[in-house]
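Hi everyone, thanks for coming. I'd like to walk you through one model today, so please have a look at the screen.

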Amino acid sequence: MDRSQELFDRAQKVLPGGVNSPVRAFRAVDLCPRFITEAHGAYLYDADGNRYLDYVCSWGPMLLGHDHPEVRSAVEEAVRHGLSFGAPTQREVEMAELMVDMVPNIEMVRMVNSGTEAVMSALRLARGATGRDKLIKFEGCYHGHSDCLLVNAGSSALAGGHPSSAGVPEDIVKHTLTAQFNRLDTVEALFQRWPEDIACVIVEPVAANMGVVAPAPGFLEGLRALCDRYGALLIFDEVITGFRLAPGGAQEYFGVRADLVTFGKIIGGGMPVGAYCGSRALMEQVAPCGPVYQAGTLSGNPVAMAAGLAQLRYIQAHRDLYAGLEDYARTLAEGMRSAAARHGVGVAVNQIGSLVSPFFTPTEVTTFVDAKGSDVGRYARYFKGMLERGVYLAPAQFEAMFVSTAHTRSDLEATLKAVEETFAEL
Ligand code: KE4
(Lines give C-alpha, C1' and ligand atoms only; values in the text may rest on other atoms or scores of the structure.)
Protein backbone atom coordinates (compact mmCIF):
# COMPACT_ATOMS: atom_id res chain seq x y z
CA MET A 1 0.00 0.00 0.00
CA ASP A 2 1.40 3.42 -0.79
CA ARG A 3 2.00 6.06 1.86
CA SER A 4 -0.90 8.25 0.70
CA GLN A 5 -3.30 5.33 1.11
CA GLU A 6 -1.91 4.58 4.59
CA LEU A 7 -2.31 8.22 5.59
CA PHE A 8 -5.79 8.40 4.05
CA ASP A 9 -6.89 5.32 6.01
CA ARG A 10 -5.64 6.96 9.22
CA ALA A 11 -7.13 10.33 8.25
CA GLN A 12 -10.63 8.93 7.74
CA LYS A 13 -10.67 7.78 11.36
CA VAL A 14 -10.24 11.30 12.74
CA LEU A 15 -11.22 13.74 9.95
CA PRO A 16 -14.61 13.69 8.18
CA GLY A 17 -13.86 12.09 4.82
CA GLY A 18 -10.18 12.18 5.77
CA VAL A 19 -9.91 15.83 4.81
CA ASN A 20 -10.39 19.38 6.04
CA SER A 21 -12.18 20.48 2.87
CA PRO A 22 -14.48 18.16 0.86
CA VAL A 23 -13.07 18.56 -2.64
CA ARG A 24 -9.67 17.31 -1.45
CA ALA A 25 -11.13 13.84 -0.77
CA PHE A 26 -11.02 12.99 -4.51
CA ARG A 27 -14.56 11.55 -4.25
CA ALA A 28 -15.62 13.02 -7.60
CA VAL A 29 -12.80 11.09 -9.27
CA ASP A 30 -13.08 8.01 -7.02
CA LEU A 31 -9.38 7.84 -6.16
CA CYS A 32 -7.27 7.99 -3.02
CA PRO A 33 -6.06 11.57 -2.59
CA ARG A 34 -2.33 12.25 -2.80
CA PHE A 35 -0.91 13.39 0.52
CA ILE A 36 1.44 16.25 -0.29
CA THR A 37 4.66 16.74 1.67
CA GLU A 38 6.08 19.85 -0.05
CA ALA A 39 5.75 22.15 -3.02
CA HIS A 40 8.21 24.29 -4.96
CA GLY A 41 7.58 26.42 -8.04
CA ALA A 42 4.98 24.71 -10.22
CA TYR A 43 5.42 21.31 -8.55
CA LEU A 44 3.89 19.27 -5.74
CA TYR A 45 5.63 16.30 -4.13
CA ASP A 46 3.61 13.56 -2.47
CA ALA A 47 4.31 11.18 0.43
CA ASP A 48 5.45 8.49 -2.01
CA GLY A 49 8.01 10.73 -3.64
CA ASN A 50 5.98 11.39 -6.78
CA ARG A 51 6.28 14.80 -8.44
CA TYR A 52 3.29 16.50 -10.03
CA LEU A 53 2.92 19.57 -12.22
CA ASP A 54 0.35 21.52 -10.21
CA TYR A 55 -2.69 23.23 -11.79
CA VAL A 56 -4.60 23.54 -8.50
CA CYS A 57 -2.10 25.98 -6.95
CA SER A 58 -3.84 25.58 -3.58
CA TRP A 59 -7.12 26.52 -5.40
CA GLY A 60 -5.71 29.82 -6.62
CA PRO A 61 -3.49 31.48 -3.98
CA MET A 62 -0.15 30.49 -5.51
CA LEU A 63 -0.10 33.00 -8.40
CA LEU A 64 3.70 33.11 -8.17
CA GLY A 65 4.04 29.38 -7.68
CA HIS A 66 4.90 27.56 -4.47
CA ASP A 67 7.68 28.61 -2.12
CA HIS A 68 8.38 31.90 -3.93
CA PRO A 69 11.62 33.27 -2.41
CA GLU A 70 10.21 36.74 -1.69
CA VAL A 71 7.13 35.28 0.04
CA ARG A 72 9.18 32.75 1.99
CA SER A 73 11.70 35.27 3.26
CA ALA A 74 8.93 37.68 4.26
CA VAL A 75 7.30 34.95 6.36
CA GLU A 76 10.64 33.86 7.87
CA GLU A 77 11.32 37.47 8.86
CA ALA A 78 7.84 37.96 10.32
CA VAL A 79 7.85 34.83 12.50
CA ARG A 80 11.03 36.00 14.22
CA HIS A 81 8.99 38.80 15.82
CA GLY A 82 6.06 36.69 17.01
CA LEU A 83 3.05 35.01 15.46
CA SER A 84 0.02 36.93 16.69
CA PHE A 85 -0.55 39.91 18.95
CA GLY A 86 -4.30 40.61 18.91
CA ALA A 87 -3.38 44.23 18.41
CA PRO A 88 -2.99 46.53 15.40
CA THR A 89 0.25 46.28 13.42
CA GLN A 90 1.96 48.33 10.72
CA ARG A 91 1.70 45.46 8.24
CA GLU A 92 -2.12 45.61 8.33
CA VAL A 93 -1.96 49.31 7.45
CA GLU A 94 0.51 48.63 4.64
CA MET A 95 -1.68 45.79 3.31
CA ALA A 96 -4.82 47.93 3.29
CA GLU A 97 -2.96 50.86 1.68
CA LEU A 98 -1.56 48.57 -1.04
CA MET A 99 -4.96 47.03 -1.80
CA VAL A 100 -6.59 50.47 -1.96
CA ASP A 101 -3.84 51.52 -4.36
CA MET A 102 -4.18 48.44 -6.61
CA VAL A 103 -7.94 47.82 -6.63
CA PRO A 104 -10.29 50.29 -8.35
CA ASN A 105 -13.22 51.90 -6.50
CA ILE A 106 -12.26 50.95 -2.95
CA GLU A 107 -11.31 53.32 -0.14
CA MET A 108 -11.23 50.94 2.85
CA VAL A 109 -10.46 47.30 3.62
CA ARG A 110 -11.33 44.90 6.46
CA MET A 111 -9.13 41.83 6.75
CA VAL A 112 -10.66 38.48 7.75
CA ASN A 113 -9.42 34.88 7.64
CA SER A 114 -11.07 33.27 4.63
CA GLY A 115 -13.10 33.96 1.53
CA THR A 116 -16.17 32.60 3.29
CA GLU A 117 -15.75 35.12 6.08
CA ALA A 118 -15.19 37.94 3.59
CA VAL A 119 -18.37 37.18 1.68
CA MET A 120 -20.45 36.55 4.82
CA SER A 121 -19.32 39.93 6.18
CA ALA A 122 -19.88 41.79 2.91
CA LEU A 123 -23.41 40.37 2.73
CA ARG A 124 -24.12 41.53 6.30
CA LEU A 125 -22.78 44.99 5.44
CA ALA A 126 -24.94 45.17 2.29
CA ARG A 127 -28.04 44.26 4.32
CA GLY A 128 -27.11 46.68 7.10
CA ALA A 129 -26.38 49.53 4.70
CA THR A 130 -29.57 49.14 2.64
CA GLY A 131 -31.94 47.95 5.35
CA ARG A 132 -33.06 45.25 2.94
CA ASP A 133 -33.03 41.47 3.53
CA LYS A 134 -33.01 39.74 0.15
CA LEU A 135 -29.97 38.88 -1.96
CA ILE A 136 -29.53 37.54 -5.47
CA LYS A 137 -26.85 34.92 -6.17
CA PHE A 138 -26.35 32.77 -9.25
CA GLU A 139 -26.93 29.03 -9.52
CA GLY A 140 -23.59 27.26 -9.74
CA CYS A 141 -21.64 30.13 -8.23
CA TYR A 142 -19.90 29.39 -4.94
CA HIS A 143 -19.21 32.02 -2.31
CA GLY A 144 -17.98 29.93 0.60
CA HIS A 145 -20.02 28.00 3.11
CA SER A 146 -21.96 30.62 5.08
CA ASP A 147 -25.59 29.58 5.47
CA CYS A 148 -27.27 32.23 3.29
CA LEU A 149 -25.05 31.43 0.34
CA LEU A 150 -25.23 27.63 0.44
CA VAL A 151 -28.13 27.72 -2.01
CA ASN A 152 -27.67 26.10 -5.40
CA ALA A 153 -23.97 26.61 -4.76
CA GLY A 154 -21.18 25.52 -7.06
CA SER A 155 -17.83 23.87 -6.44
CA SER A 156 -18.03 20.79 -4.26
CA ALA A 157 -21.34 21.95 -2.81
CA LEU A 158 -22.87 20.94 -6.12
CA ALA A 159 -25.00 18.35 -4.41
CA GLY A 160 -27.93 19.92 -6.21
CA GLY A 161 -31.21 20.70 -4.50
CA HIS A 162 -31.97 23.73 -2.48
CA PRO A 163 -30.19 24.60 -0.14
CA SER A 164 -26.89 22.94 -0.94
CA SER A 165 -26.42 21.59 2.55
CA ALA A 166 -28.18 19.88 5.43
CA GLY A 167 -28.35 22.00 8.55
CA VAL A 168 -29.40 25.19 6.77
CA PRO A 169 -33.00 25.96 7.79
CA GLU A 170 -35.37 27.08 5.04
CA ASP A 171 -36.02 30.13 7.21
CA ILE A 172 -32.38 31.17 6.83
CA VAL A 173 -32.36 30.93 3.04
CA LYS A 174 -35.81 32.31 2.32
CA HIS A 175 -34.25 35.66 1.39
CA THR A 176 -31.70 34.09 -0.95
CA LEU A 177 -32.91 34.43 -4.52
CA THR A 178 -31.19 32.52 -7.32
CA ALA A 179 -30.73 33.70 -10.91
CA GLN A 180 -28.90 32.22 -13.89
CA PHE A 181 -25.35 33.36 -14.72
CA ASN A 182 -25.21 35.17 -18.08
CA ARG A 183 -29.01 35.50 -18.13
CA LEU A 184 -29.84 39.14 -17.23
CA ASP A 185 -33.53 38.44 -17.79
CA THR A 186 -33.57 36.12 -14.77
CA VAL A 187 -32.09 38.91 -12.63
CA GLU A 188 -34.48 41.59 -13.87
CA ALA A 189 -37.43 39.29 -13.18
CA LEU A 190 -36.38 39.01 -9.51
CA PHE A 191 -35.99 42.78 -9.18
CA GLN A 192 -39.42 43.30 -10.76
CA ARG A 193 -40.91 40.83 -8.25
CA TRP A 194 -39.13 42.44 -5.25
CA PRO A 195 -38.29 46.04 -6.36
CA GLU A 196 -37.53 47.34 -2.87
CA ASP A 197 -36.37 44.26 -0.99
CA ILE A 198 -33.07 43.27 -2.57
CA ALA A 199 -29.95 44.38 -0.69
CA CYS A 200 -27.42 43.10 -3.18
CA VAL A 201 -26.50 41.01 -6.15
CA ILE A 202 -23.42 38.88 -5.47
CA VAL A 203 -21.57 37.42 -8.43
CA GLU A 204 -18.29 35.76 -9.28
CA PRO A 205 -17.39 38.16 -12.14
CA VAL A 206 -15.92 35.10 -13.83
CA ALA A 207 -17.75 32.01 -12.66
CA ALA A 208 -15.04 29.53 -11.65
CA ASN A 209 -16.97 27.13 -9.43
CA MET A 210 -19.09 25.60 -12.16
CA GLY A 211 -15.91 25.21 -14.11
CA VAL A 212 -14.75 28.46 -15.74
CA VAL A 213 -17.50 30.45 -17.46
CA ALA A 214 -16.74 34.02 -18.52
CA PRO A 215 -19.38 36.74 -18.34
CA ALA A 216 -21.16 37.27 -21.65
CA PRO A 217 -20.58 40.74 -23.17
CA GLY A 218 -22.81 43.18 -21.31
CA PHE A 219 -23.69 40.82 -18.47
CA LEU A 220 -21.69 42.53 -15.72
CA GLU A 221 -22.62 45.96 -17.09
CA GLY A 222 -26.26 44.85 -17.00
CA LEU A 223 -25.96 43.83 -13.35
CA ARG A 224 -24.46 47.25 -12.57
CA ALA A 225 -27.38 48.99 -14.32
CA LEU A 226 -30.04 46.86 -12.57
CA CYS A 227 -28.45 47.47 -9.15
CA ASP A 228 -28.37 51.23 -9.84
CA ARG A 229 -31.98 51.20 -11.01
CA TYR A 230 -33.31 49.32 -7.98
CA GLY A 231 -30.98 50.71 -5.28
CA ALA A 232 -29.19 47.42 -4.61
CA LEU A 233 -25.46 46.97 -4.06
CA LEU A 234 -23.33 45.00 -6.52
CA ILE A 235 -20.87 42.66 -4.79
CA PHE A 236 -18.03 41.19 -6.85
CA ASP A 237 -16.81 38.04 -5.16
CA GLU A 238 -13.19 38.22 -6.34
CA VAL A 239 -11.84 35.48 -4.10
CA ILE A 240 -10.65 33.79 -7.31
CA THR A 241 -10.46 36.66 -9.83
CA GLY A 242 -8.88 39.18 -7.44
CA PHE A 243 -5.25 39.89 -8.46
CA ARG A 244 -5.56 36.92 -10.85
CA LEU A 245 -7.26 38.51 -13.87
CA ALA A 246 -5.32 41.77 -13.46
CA PRO A 247 -3.65 43.71 -10.63
CA GLY A 248 -7.03 45.38 -10.07
CA GLY A 249 -8.94 42.15 -10.57
CA ALA A 250 -12.19 41.88 -12.49
CA GLN A 251 -13.13 45.52 -11.97
CA GLU A 252 -10.00 46.51 -13.88
CA TYR A 253 -10.24 43.64 -16.40
CA PHE A 254 -13.89 44.30 -17.36
CA GLY A 255 -14.13 48.01 -16.44
CA VAL A 256 -17.24 47.47 -14.31
CA ARG A 257 -17.54 49.05 -10.85
CA ALA A 258 -18.71 46.98 -7.87
CA ASP A 259 -19.92 48.52 -4.59
CA LEU A 260 -18.25 45.87 -2.42
CA VAL A 261 -15.45 43.49 -3.40
CA THR A 262 -14.38 40.35 -1.55
CA PHE A 263 -10.95 38.77 -1.70
CA GLY A 264 -9.12 35.69 -0.45
CA LYS A 265 -6.54 33.24 -1.79
CA ILE A 266 -3.89 35.39 -3.59
CA ILE A 267 -3.95 38.17 -0.95
CA GLY A 268 -2.74 35.63 1.62
CA GLY A 269 0.16 34.31 -0.46
CA GLY A 270 -0.78 30.85 0.82
CA MET A 271 -1.69 31.87 4.35
CA PRO A 272 -5.31 32.08 5.62
CA VAL A 273 -6.54 35.55 4.61
CA GLY A 274 -9.74 37.12 3.30
CA ALA A 275 -10.88 40.72 2.93
CA TYR A 276 -13.89 42.78 2.03
CA CYS A 277 -13.54 46.28 0.61
CA GLY A 278 -15.61 49.24 -0.47
CA SER A 279 -16.18 52.96 -0.23
CA ARG A 280 -15.57 54.83 3.03
CA ALA A 281 -19.30 55.52 3.29
CA LEU A 282 -20.05 51.80 3.24
CA MET A 283 -17.05 50.46 5.19
CA GLU A 284 -17.40 52.94 8.05
CA GLN A 285 -20.72 51.25 8.83
CA VAL A 286 -18.65 48.30 10.12
CA ALA A 287 -17.79 48.01 13.82
CA PRO A 288 -16.30 49.78 15.64
CA CYS A 289 -17.29 52.77 13.46
CA GLY A 290 -20.82 51.69 12.68
CA PRO A 291 -23.67 49.29 13.49
CA VAL A 292 -22.63 46.29 11.34
CA TYR A 293 -20.72 43.92 13.61
CA GLN A 294 -17.83 41.76 12.48
CA ALA A 295 -14.70 40.59 14.29
CA GLY A 296 -11.90 38.00 14.24
CA THR A 297 -9.15 36.85 16.59
CA LEU A 298 -6.57 36.32 13.86
CA SER A 299 -7.80 38.88 11.34
CA GLY A 300 -4.81 40.75 9.89
CA ASN A 301 -2.42 38.22 11.42
CA PRO A 302 1.10 39.64 11.06
CA VAL A 303 2.60 36.51 9.48
CA ALA A 304 -0.28 36.19 7.02
CA MET A 305 0.03 39.89 6.20
CA ALA A 306 3.73 39.41 5.51
CA ALA A 307 3.00 36.63 3.02
CA GLY A 308 0.22 38.57 1.33
CA LEU A 309 2.19 41.79 1.20
CA ALA A 310 5.15 40.04 -0.40
CA GLN A 311 2.98 38.50 -3.11
CA LEU A 312 1.03 41.70 -3.84
CA ARG A 313 4.20 43.84 -3.84
CA TYR A 314 5.74 41.45 -6.37
CA ILE A 315 2.62 41.75 -8.54
CA GLN A 316 2.69 45.55 -8.23
CA ALA A 317 6.32 45.58 -9.37
CA HIS A 318 5.78 43.08 -12.22
CA ARG A 319 2.40 44.07 -13.67
CA ASP A 320 3.45 42.63 -17.04
CA LEU A 321 3.29 39.08 -15.61
CA TYR A 322 -0.37 38.81 -16.58
CA ALA A 323 0.44 38.76 -20.29
CA GLY A 324 2.61 35.68 -19.76
CA LEU A 325 -0.02 33.94 -17.64
CA GLU A 326 -2.72 34.60 -20.25
CA ASP A 327 -0.46 33.46 -23.10
CA TYR A 328 0.30 30.18 -21.31
CA ALA A 329 -3.37 29.55 -20.55
CA ARG A 330 -4.48 30.41 -24.08
CA THR A 331 -1.87 28.10 -25.63
CA LEU A 332 -2.88 25.33 -23.23
CA ALA A 333 -6.56 25.73 -24.10
CA GLU A 334 -5.86 25.77 -27.84
CA GLY A 335 -3.69 22.66 -27.50
CA MET A 336 -6.43 20.85 -25.59
CA ARG A 337 -9.01 21.74 -28.23
CA SER A 338 -6.84 20.46 -31.10
CA ALA A 339 -5.98 17.25 -29.22
CA ALA A 340 -9.70 16.70 -28.57
CA ALA A 341 -10.44 17.17 -32.27
CA ARG A 342 -7.71 14.70 -33.25
CA HIS A 343 -9.09 12.06 -30.89
CA GLY A 344 -12.79 12.76 -31.35
CA VAL A 345 -13.26 13.76 -27.71
CA GLY A 346 -16.24 16.08 -27.16
CA VAL A 347 -14.75 18.75 -24.94
CA ALA A 348 -15.41 22.48 -24.57
CA VAL A 349 -12.35 24.27 -23.21
CA ASN A 350 -13.08 27.64 -21.61
CA GLN A 351 -10.23 30.02 -20.88
CA ILE A 352 -10.03 33.57 -19.57
CA GLY A 353 -6.86 35.10 -18.16
CA SER A 354 -4.95 32.34 -16.37
CA LEU A 355 -8.10 30.27 -15.71
CA VAL A 356 -8.89 27.22 -17.85
CA SER A 357 -11.61 24.54 -17.69
CA PRO A 358 -12.23 21.55 -19.98
CA PHE A 359 -15.90 20.50 -19.95
CA PHE A 360 -16.56 17.03 -21.32
CA THR A 361 -19.47 18.02 -23.50
CA PRO A 362 -19.59 18.64 -27.26
CA THR A 363 -21.49 21.92 -26.91
CA GLU A 364 -20.12 25.30 -25.86
CA VAL A 365 -20.48 26.16 -22.15
CA THR A 366 -21.74 29.67 -21.44
CA THR A 367 -24.26 28.93 -18.68
CA PHE A 368 -24.56 26.68 -15.65
CA VAL A 369 -27.14 24.58 -17.52
CA ASP A 370 -24.49 23.93 -20.22
CA ALA A 371 -21.89 23.09 -17.56
CA LYS A 372 -24.21 20.60 -15.83
CA GLY A 373 -24.47 18.77 -19.15
CA SER A 374 -20.82 17.70 -18.86
CA ASP A 375 -19.85 14.04 -18.59
CA VAL A 376 -18.38 14.00 -15.09
CA GLY A 377 -17.43 10.33 -15.45
CA ARG A 378 -15.30 11.19 -18.47
CA TYR A 379 -13.75 14.05 -16.50
CA ALA A 380 -12.83 11.53 -13.78
CA ARG A 381 -11.11 9.28 -16.35
CA TYR A 382 -9.29 12.32 -17.79
CA PHE A 383 -8.19 13.34 -14.28
CA LYS A 384 -6.83 9.83 -13.59
CA GLY A 385 -4.94 9.68 -16.87
CA MET A 386 -3.35 13.05 -16.27
CA LEU A 387 -2.45 12.23 -12.65
CA GLU A 388 -0.74 9.01 -13.80
CA ARG A 389 1.26 11.17 -16.23
CA GLY A 390 2.34 13.54 -13.42
CA VAL A 391 -0.16 16.35 -13.96
CA TYR A 392 -2.23 17.34 -10.91
CA LEU A 393 -5.63 18.84 -11.81
CA ALA A 394 -8.71 19.80 -9.85
CA PRO A 395 -10.25 16.46 -8.76
CA ALA A 396 -13.72 17.54 -9.91
CA GLN A 397 -15.32 18.85 -13.11
CA PHE A 398 -16.81 22.00 -11.62
CA GLU A 399 -13.51 23.65 -10.73
CA ALA A 400 -10.75 25.58 -12.53
CA MET A 401 -7.19 25.01 -13.68
CA PHE A 402 -4.91 27.71 -12.23
CA VAL A 403 -1.68 28.76 -13.98
CA SER A 404 1.17 30.39 -12.06
CA THR A 405 4.21 32.41 -13.11
CA ALA A 406 6.29 29.35 -12.15
CA HIS A 407 4.82 27.32 -15.04
CA THR A 408 7.33 27.23 -17.91
CA ARG A 409 7.10 26.51 -21.66
CA SER A 410 8.52 23.02 -21.03
CA ASP A 411 5.78 22.47 -18.43
CA LEU A 412 3.27 23.51 -21.07
CA GLU A 413 4.72 21.06 -23.58
CA ALA A 414 4.69 18.27 -20.97
CA THR A 415 1.07 19.07 -20.12
CA LEU A 416 -0.04 18.95 -23.75
CA LYS A 417 1.81 15.67 -24.26
CA ALA A 418 -0.09 14.22 -21.28
CA VAL A 419 -3.36 15.60 -22.68
CA GLU A 420 -2.69 14.00 -26.08
CA GLU A 421 -2.00 10.59 -24.51
CA THR A 422 -4.94 10.82 -22.09
CA PHE A 423 -7.44 11.94 -24.72
CA ALA A 424 -6.28 9.04 -26.92
CA GLU A 425 -7.39 6.56 -24.26
CA LEU A 426 -10.63 8.28 -23.13
P1 KE4 B 1 -12.64 30.04 1.38
O2 KE4 B 1 -13.57 30.20 2.58
O3 KE4 B 1 -12.53 28.61 0.92
O4 KE4 B 1 -11.27 30.72 1.61
O5 KE4 B 1 -13.27 30.88 0.16
C6 KE4 B 1 -14.59 30.60 -0.22
C7 KE4 B 1 -14.78 31.06 -1.65
C8 KE4 B 1 -15.47 32.24 -1.88
N9 KE4 B 1 -15.66 32.71 -3.13
C10 KE4 B 1 -15.18 32.03 -4.20
C11 KE4 B 1 -15.42 32.59 -5.57
C12 KE4 B 1 -14.46 30.82 -4.03
O13 KE4 B 1 -14.00 30.15 -5.12
C14 KE4 B 1 -14.26 30.32 -2.74
C15 KE4 B 1 -13.53 29.01 -2.48
N16 KE4 B 1 -13.09 28.30 -3.62
C17 KE4 B 1 -12.95 26.86 -3.46
C18 KE4 B 1 -12.56 26.27 -4.81
N19 KE4 B 1 -13.67 26.16 -5.67
C20 KE4 B 1 -11.95 26.53 -2.38
C21 KE4 B 1 -11.50 25.08 -2.36
C22 KE4 B 1 -12.16 24.32 -1.23
O23 KE4 B 1 -13.37 24.51 -0.98
O24 KE4 B 1 -11.43 23.50 -0.62
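I'll begin with how to read the model, then go to the ligand, a hairpin, and a few loop residues.

This is a predicted model, so please keep in mind that local features need pLDDT of at least 70, that side-chain atom pairs count only at pLDDT 80 or more, and that totals for chains, interfaces and linings use all residues. Residues are numbered from 1 along each chain as its sequence is written, and side-chain values use heavy atoms, with hydrogens and water left out.

Let's start with the ligand. Which residues are the closest to the ligand? They are Ser21, Thr116, Asn209, Asp237 and Glu399, out of 17 that surround the ligand; a residue counts as near if one of its heavy atoms lies within 4 Å. By class, that shell holds five nonpolar, eight polar and four charged residues. Here Ala, Val, Leu, Ile, Met, Phe, Trp, Tyr, Cys and Pro count as nonpolar, Asp, Glu, Lys and Arg as charged, and the others, Gly among them, as polar.

Now for the ligand's nitrogen atoms. The side chain of Asp237 has an N or O atom 2.7 Å from a ligand nitrogen. For Glu399, a polar side-chain atom lies 2.8 Å from a nitrogen of the ligand, and for Ser155 the side-chain N or O atom is 3.2 Å from a ligand nitrogen. Taken alone, the ligand exposes 540 Å², and the protein buries 87% of that; these areas come from the Shrake-Rupley method with a 1.4 Å probe.

Why does the ligand lie between two domains? Because domain 1 (2-67 + 320-425) and domain 2 (69-317) both give residues to the shell around the ligand. The domain bounds come from an automatic or database domain assignment.

Next, the hairpin. Strand S11, residues 348-352, has four of its five residues buried, so S11 is largely enclosed by the rest of the structure. Buried means under 20% relative accessible area, exposed over 50%, and partly exposed in between, with a 1.4 Å probe and protein chains only. The strands here are DSSP runs of E with at least two residues, and helices are runs of H or I with at least four, numbered from the N terminus. S11 runs antiparallel to strand S12, residues 355-359, and five bridges join them; two strands pair if DSSP finds at least two bridges between them. One of the partnerships is Asn350 with Ser357 in S12. Two residues separate the strands of this hairpin, and Gly353 in the turn has a positive phi of about 60°.

Now to the loops. Between helix H9 (280-283) and helix H10 (302-317) we find Ser299, which is buried at 18% relative accessible area. The Ser299 side chain reaches the backbone oxygen of Met111 at 3.5 Å and makes a polar contact with the side chain of Asn113 at 3.3 Å. A polar contact is a pair of N or O atoms within 3.5 Å; within protein, one must be able to donate a hydrogen and the other to accept it, and residues adjacent in sequence count only if both atoms are side-chain atoms. Pro288 also sits in the loop between H9 and H10, and a cis peptide bond joins Ala287 and Pro288, with omega about 10°.

Finally, is Asp30 buried or exposed? Asp30 counts as exposed, at 69% relative accessibility, and its phi is positive, near 55°. Thanks for listening!
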